[in-house]
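This report goes through selected parts of one protein model. Have the sequence and the structure open while reading.

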Amino acid sequence: MTQHVVADVILHHGLFTTLDKSNPTASAVAIKDGKFIAVGGDAEVMAFAGPSTKVVDLKGKRVLPGLIDNHTHVVRGGLNYNMELRWDGVRSLADAMEMLRRQVAITPAPQWVRVVGGFTEHQFIEKRLPTIEEINAIAPDTPVFLLHLYDRALLNAAALRAVGYTRDTPEPPGGEITRDAKGHPTGLLLAKPNAGILYATLAKGPKLPFDYQVNSTRHFMRELNRLGVTGVIDAGGGFQNYPDDYAVIQKLADENLMTVRLAYNLFTQKPKEEKEDFLNWTRSVTYKQGDDYFRHNGAGEMLVFSAADFEDFR
């Protein structure tokens with residue numbers, strides 16, 4: 001007599017698309033040891049329930065597989081997530097500026113308010129970005145940095161003071177600090193022909209303390225989970241070196257607090273010295289080092305700086 005298999009988890013009273021032409025939809029599934037052992041109707045799947053089975057009533061909701069994002073910057077983004085104001089999906093500039101006003105009111109010195117991507121002027125009914133004068137009126141003393149696509153950034157007067165840009169600051173390579181008739185920076189930075197000035201300016205901002213970075217990274221992963229993302233490939237990135245900038249994510253991995261599976265690439269940091277970076281890392285980290293939730297994925301996203309392509313979303 002065959003022993004009855006008892007599921008670890010049963011999801012029932014839901015909606016599943018199976019991609020099986022002979023059985024295209026189902027309302028329940030049973031899972032054991034991480035594998036589906038039954039897919040079908042509630043009655044047939046509930047037969048696999050036992051005293052130790054976790055049974056989840058989906059209440060008629062659609063079930064989706066976990067999404068895998070194959071190009072993100074969770075390691076770097078997590079260190080800063082709690083410092084960022086998000087304008088994703090905001091329909092009017094007026095609403096966005098009210099959000100900015102509220103954030104300025106609760107941001108302690110010397111922290112900045114950062115709106116780092118995720119929006120475009122075209123989403124606003126006003127079809128424009130705020131003026132620097134409008135930002136200054138809301139934030140006379142708190143530095144504000146707005147990154148629009150990768151083509152420009154707006155800095156208020158307080159941010160210009162914080163980063164030290166004056167009439168005597170030379171033009172950066174590959175970028176432009178716009179100036180008024182007297183040569184003073186206006187607060188508009190342009191990426192021409194690359195975004196180096198935008199990255200370099202943002203990097204001048206204060207960092208969160210380590211414990212706050214841990215909290216920030218957990219919030220970032222929770223936001224990914226909210227959107228259905230359960231796995232990512234982290235592309236590394238500029239101003240992000242190994243192992244120093246990986247201490248937070250390593251701590252979360254060591255404490256089993258990862259809520260996304262993360263395979264991370266190591267991104268060379270030194271133009272014309274890429275080989276030295278990679279040779280150094282081969283002495284301290286090996287390919288696929290780690291486990292299913294935190295694993296080294298190899299070199300990337302760029303192998304050499306000469307292959308870089310400017311992210312010109314215009």
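## A hairpin and its loop

The model is predicted. In the hairpin formed by strand 11 and strand 12, 5 residues lie between the strands, and Gly183 takes a positive phi near 90 degrees. Strand 11 covers residues 175-179 and strand 12 covers residues 185-191; the two pair in the antiparallel sense over 4 bridges. One position to look up is Ile177, whose bridge partner in strand 12 is Leu189. Strands of a sheet pair through backbone hydrogen bonds, and the pairing is either parallel or antiparallel.

## His184

The loop between strand 11 and strand 12 also holds His184. Is His184 buried or exposed? With a relative accessible area of 34%, His184 counts as partly exposed, because that class lies between the limits of under 20% for buried and over 50% for exposed.

Leaving aside residues up to four places away in sequence, His184 touches Arg167, Thr178 and Arg179. Gly298 is 114 residues from His184 in sequence, and the two are 45 Å apart in space, C-alpha to C-alpha.

## An open sheet

Another part to examine is an open sheet of 5 strands with mixed pairing. Which order do the strands of this open sheet take? The order is 7-13-14-16-15. Strand 7 (67-72) and strand 15 (290-291) are the edge strands, and each of them pairs on one side only.

Within this order, strand 13 comes next to strand 14. Strand 13 spans residues 229-234 and strand 14 spans residues 261-266, and they pair in the parallel sense over 4 bridges. Asp234 stands opposite Tyr264, which belongs to strand 14. In a regular strand, side chains alternate between the two faces of the sheet.

## The second largest pocket

Rolling a probe the size of a water molecule over the atoms shows where empty space is left. The second largest pocket has a volume of about 640 Å³. Its lining is made up of 20 residues, and those closest to the centre of the pocket are Phe16, Phe36, Val63, Leu64 and Pro65.

The elements that give two or more residues to this lining are strand 1 (9-12), strand 2 (16-17), strand 4 (28-32), strand 5 (35-40) and strand 6 (54-57). Which strand gives the most to the lining of the second largest pocket? Strand 5 does, with 3 residues. Sorted by class, the lining has 13 nonpolar, 4 polar and 3 charged residues.

Methods:
Residues numbered from 1 in each chain as written. Predicted model: local features only at pLDDT ≥ 70, side-chain atom pairs only at ≥ 80, totals over all residues. Heavy atoms only, no water. 1 Å grid on protein atoms, 1.4 Å probe; cavity = no way out; pocket = protein on both sides within 12 Å on 5 of 7 lines; lining within 4 Å. Points joined across faces, edges and corners; volume = space filled by probe spheres on them. Nonpolar A, V, L, I, M, F, W, Y, C, P; charged D, E, K, R; others polar. Pairing = 2+ DSSP bridges. Buried < 20%, exposed > 50% of the residue type's maximum accessible area, 1.4 Å probe, protein only. Contact = heavy atoms within 4.5 Å.
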